[in-house]
Amino acid sequence: MIGGNKIFKGASAGIAVYDNGKAYIQANEIIDHVQAGVGIRSGSVVSLVDNKIQGGSDAGVVCSDGAECVITGNDITSNARAGVAVMTRGVASISSNNIQFNGKFWLTFSPPPHHHVLPYLPVSLSPYLPVSCLPVSRV
């Protein structure tokens, strides 16, 4: 578990989980990073619970490259790009978060390369929006 840390002003991601890593990340303050506050990719499996992720120069959370991300109860605000970006075969369950005051989008999807762009992608945002209400936008 990664928990109870104050991670400020890094030159890259605040927390990065790559290469099939597994992590439970809870109750951290992740603020003012050059890359994503939390970057999850390359088949990693991560639960991100009750964190404060704000003020980054990129997205608050990036879930990509076959990663599986459970994002629950986080305060994801004031990031330059999307609050949460689900890209390149990333799979995410997103619920009960405060996601606001981020760049152009609060939630962004990027379709997998070499595949047909679907109008909606499989992500759970309950209790806020049913899946059928989620438009796709490119990062």
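Which two cysteines form a disulfide, and how far apart are their sulfur atoms? Select Cys 63 and Cys 69: they form the disulfide, with the sulfur atoms 2.2 Å apart. A disulfide here is a pair of cysteine sulfur atoms within 2.5 Å.

This is a predicted model, in which local features need pLDDT of at least 70, side-chain atom pairs count only at pLDDT 80 or more, and totals for chains, interfaces and linings use all residues. Residues are numbered from 1 along each chain as its sequence is written, and side-chain values use heavy atoms, with hydrogens and water left out.

**The disulfide**

Stay on the pair and look along the S-S bond: the torsion about the bond of Cys 63 and Cys 69 is about 100°, so the disulfide is right-handed. A search of the whole structure finds one disulfide. Show the surface next. Cys 63 is buried, at a relative accessible area of 0%, and Cys 69 is buried at 3%. Buried means under 20% relative accessible area, exposed over 50%, and partly exposed in between (1.4 Å probe, protein chains only).

**Strand 10**

Cys 69 leads to strand 10, so select residues 68–72. Strands are DSSP runs of E, at least two residues long, numbered from the N terminus. On one face of strand 10, Cys 69 and Ile 71 are buried; Glu 68, Val 70 and Thr 72 point to the other face and are not buried.

Now add strand 7 (residues 45–49), which pairs with strand 10 in the parallel sense over five bridges. Two strands pair if DSSP finds at least two bridges between them. Ser 47 has Val 70 as its bridge partner in strand 10. Then add strand 13 (residues 91–95): five bridges join strand 13 to strand 10, again in the parallel sense. Here the bridge partner of Val 70 is Ser 93.

**The open sheet**

Next, select strands 2, 5, 8, 11 and 14, which make up an open sheet of five strands in the order 2-5-8-11-14, with parallel pairing. Strand 2 (6–8) and strand 14 (98–100) are at the edges with a single partner strand each, so one side of each has no neighbour in the sheet. From one strand to the next, the twist averages 5°, with axes taken as lines fitted to C-alpha atoms and angles running from 0 to 180 degrees between N-to-C directions.

Within this sheet, pick strand 8 (residues 52–54) and strand 11 (residues 75–77): the two run parallel and are joined by three bridges. Ile 53 has Ile 76 as its bridge partner in strand 11.

**A charge over a ring**

Finally, select Arg 41 and Tyr 18. The charged end of Arg 41 sits over the ring of Tyr 18, 4.1 Å from the ring centre. The criterion is NZ of Lys or CZ of Arg within 6 Å of the ring centre and within 35 degrees of the ring normal.

Key
Helices (H or I, at least four residues) and strands (E, at least two) are DSSP runs, numbered from the N terminus.
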